[in-house]
Amino acid sequence: MEASIACPVPPDQRPQEEYAQLCSSWFFAWPCTAQVSLDRALLISWLLISPITVLVASGSWTLRHDPVRLLIAGGVAALVLPMLLLTRQWLGWTYVHKRLLSEKVEYEESGWYDGQVWEKPLAWRERDLLLAQHEVRPILGRLGRAMALVTGLMLGGASICQAL
């Protein structure tokens, strides 16, 4: 940020700093580099929860005697965790995207009760707009594609389970 512009917003509440915090976070950095890294993390989360969901599904009397449907039902139920993880990431990245696109920054000086609004200077707005368009928007695109894939897998798996 330019040193000549006095900014009353605390450093950790500035949109560019919030973007940097998300990029350096272990969880929110999944979609930052490529779709493959996001897909790998989601696959690992699905594989970790699958044995538990299959175990829970085995409590069903009808599924206990039909191992194919049991595995499909457990696999579809295990897709809930990746969807929840994607939803949390989507919410975090959309929040930062909206703050980067906004012409004003809402911030708190010492607590929730003293919120203030500061209008960004033109140079900050331009930088934030570039960051939102060229860095955050592709991340949201990756998250959207992953959410569509997981939703398709859930619907397809549920349809196959019903068809059997």
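The paragraphs below lead through the helices, the nonpolar cores and a few single residues of this predicted model.

A convenient place to begin is helix 1, which spans residues 15–24 and in which Pro-15, Gln-16, Glu-18, Tyr-19 and Leu-22 are buried. Viewed down the axis of helix 1, these buried residues fall within an arc of 160 degrees, so they line one face of the helix. The general background is that an α-helix has 3.6 residues a turn, so residues three or four places apart point the same way. As for what lies over the buried residues of helix 1, the cover includes helix 6 (80–101), strand 1 (104–108) and helix 7 (122–163).

Glu-18, whose place is in helix 1, deserves a separate look. Its relative accessibility is 11%, and because buried means under 20%, Glu-18 counts as buried. Leaving aside residues up to four places away in sequence, Glu-18 touches Asp-12, Gln-13, Tyr-95, Val-96 and Arg-99. Of these partners, Tyr-95 is found in helix 6, and at 47% relative accessibility Tyr-95 counts as partly exposed. Tyr-95 can also be placed relative to Tyr-113, since the two are 18 residues apart in sequence and 20 Å apart in space, taken from C-alpha to C-alpha.

Helix 6 also takes part in a contact with helix 3. The axes of helix 3 (residues 35–57) and helix 6 come within 8 Å and cross at roughly 140 degrees. An angle over 145 degrees would count as roughly antiparallel, and helix 3 and helix 6 are therefore oblique to each other. On the helix 3 side, the residues that meet helix 6 are Leu-38, Leu-42, Ser-45, Trp-46 and Ile-49, and on the helix 6 side their counterparts are Leu-81, Pro-82, Leu-85, Leu-86 and Gln-89. Sorted by class, this contact has 8 nonpolar residues, 2 polar residues and no charged ones.

Some of these names return in the interior. The largest nonpolar core has 24 residues, and those touching the most other members are Trp-30, Leu-38, Leu-42, Leu-86, Trp-93 and Leu-143. At least two residues of this core come from each of helix 1, helix 3, helix 6 and helix 7, and helix 7 gives the most, with 9 residues. Leu-86 shows what such a position looks like in detail: not counting residues up to four places away in sequence, Leu-86 touches Leu-38, Leu-42, Leu-143, Ala-146, Met-147 and Val-150. There is also a second, separate core, made of 6 residues, which includes Val-9, Tyr-107, Trp-118 and Trp-124.

Two leucines elsewhere in the chain have another setting. Leu-48 is found in helix 3, and with a relative accessible area of 63% Leu-48 is exposed. From C-alpha to C-alpha, Leu-48 and Trp-26 are 18 Å apart in space, while in sequence they are 22 residues apart. Leu-71, which lies in helix 5 (residues 67–78), is likewise exposed, with a relative accessible area of 54%. Between Leu-71 and Leu-55 there are 9.5 Å in space, again from C-alpha to C-alpha, for a separation of 16 residues in sequence.

Note on methods. Residues numbered from 1 in each chain as written. Predicted model: local features only at pLDDT ≥ 70, side-chain atom pairs only at ≥ 80, totals over all residues. Heavy atoms only, no water. Buried < 20%, exposed > 50% of the residue type's maximum accessible area, 1.4 Å probe, protein only. Helix = DSSP H or I, 4+ residues; strand = E, 2+ residues; numbered from the N terminus. Arc of directions from axis to C-beta. Contact = heavy atoms within 4.5 Å. Axes fitted to C-alpha atoms, helices over the stretch in contact; angles between N-to-C directions. Parallel < 35°, antiparallel > 145°, perpendicular 65-115°, else oblique. Nonpolar A, V, L, I, M, F, W, Y, C, P; charged D, E, K, R; others polar. Core = buried A, V, L, I, M, F, W, Y, C linked by side-chain atoms within 4.5 Å.
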